[in-house]
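Q: I am a first-year student and should like a close look at a single part of this model. Please examine the paired strands, and then place them in their surroundings.

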Amino acid sequence: MDAFRSGVDAIAEQCLAGWLRFGTRIVTSLYDDALRPLGLTISQLSLLVAIMKMGEAKPTALCEMFHMDASTLSRNVNRMRHRGWLAASRGKDGRTMLLSLTEQGRDLLQSAIAAWRIAQERAYDLLGQE
């Protein structure tokens, strides 16, 4: 029983995965709070930025880039298309879907930069520059 309790104590006090998950949730909430007035989350902002930089993005490339499963990406993309931020077109082979920002999506991304900077400062204040 002592080994069991010491193991539980070690996990509670030393688990890097637990600390990182906790820290990630805190930092994510900083960004989400700053972006909320725009109706945007940090996950969606990251997708918009990636698609903007790529010009047109294949969903498989986004899944690989963000280590995201296809269903999670699909859910986000569907919401973003419904809101008018993304457009989908067929690739040259007719089977591949290509995602791009609409004018509304580009405008949103431009508006999000100021909110992102505020969240970035708050995150640095919380975590430190180093």
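A: The account below begins with the two strands, follows the loop between them, and then turns to the core and the surface.

The model is a predicted one. Strand 1 covers residues 86-90 and strand 2 covers residues 97-101. The two run antiparallel and are joined by 5 bridges. Two of the facing positions can be named. L86 stands opposite L101 in strand 2, and A87 stands opposite S100 in strand 2.

The strands form a hairpin, with 6 residues between them. Within this hairpin, G94 takes a positive phi near 80°. R95 also belongs to the loop between strand 1 and strand 2. The side chain of R95 forms a salt bridge with D93, in which the closest N and O atoms are 3.6 Å apart. This distance meets the rule for a salt bridge, because the nitrogen must lie within 4 Å of the carboxyl oxygen. R95 has a relative accessible area of 70%, and it therefore counts as exposed, the cut-off being over 50%. D93, at 44%, is partly exposed.

How far is R95 from A115 in space, C-alpha to C-alpha? The two are 37 Å apart, although 20 residues separate them in sequence.

Strand 2 itself is mostly covered. Of its 5 residues, 4 are buried, which means that each of these has under 20% relative accessible area. Strand 2 also takes part in the largest nonpolar core, to which it supplies at least two residues.

That core has 29 residues, and those with the most contacts inside it are L40, L48 and L62. At least two residues of the core also come from each of helix 2 (16-35), helix 3 (42-54), helix 4 (59-66), helix 5 (70-82) and helix 6 (103-127). In soluble globular proteins, nonpolar side chains tend to be buried together.

L48 provides a link back to the strands. Leaving aside neighbours within four places in sequence, L48 is in contact with L86 and L101, among others. These are the two residues that stand opposite each other in the strand pair. The other contacts of L48 include L40, M80, W85, L108 and L109.

Helix 5, one of the contributors to the core, also holds N76. Is N76 buried or exposed? At 10% relative accessibility, N76 counts as buried, because the limit is under 20%. Not counting residues up to four places away in sequence, N76 touches Q44 and L47.

Helix 2 and helix 6, which both supply residues to the core, also each supply at least two residues to a nonpolar patch on the surface. The patch has an area of about 410 Å² and is made by F22, I26, L126 and L127. Of these residues, L126 has its place in helix 6.

By the same rule that was applied to R95 and D93, the count for the model comes to 2 salt bridges. Besides the pair in the loop, D33 and R36 meet through their side chains at 2.8 Å, N to O. D33 is partly exposed at 41% relative accessibility, whereas R36 is exposed at 52%.

To summarise, the strand pair is held in register by 5 bridges, its loop carries the exposed residue R95, and strand 2 is mostly covered and contributes to the nonpolar core.

Methods:
Residues are numbered from 1 along each chain as its sequence is written. Side-chain values use heavy atoms; hydrogens and water are left out. Two strands pair if DSSP finds at least two bridges between them. Buried means under 20% relative accessible area, exposed over 50%, partly exposed in between (1.4 Å probe, protein chains only). A nonpolar core is a set of buried Ala, Val, Leu, Ile, Met, Phe, Trp, Tyr and Cys residues joined through side-chain atoms within 4.5 Å. Contact means heavy atoms within 4.5 Å. Patches are made of residues with over 30% relative accessible area and no salt bridge: like charges are joined within 9 Å, nonpolar side chains (Val, Leu, Ile, Met, Phe, Trp, Tyr) within 5 Å. Accessible areas come from the Shrake-Rupley method with a 1.4 Å probe; for residues, only the protein chains shown count as cover.
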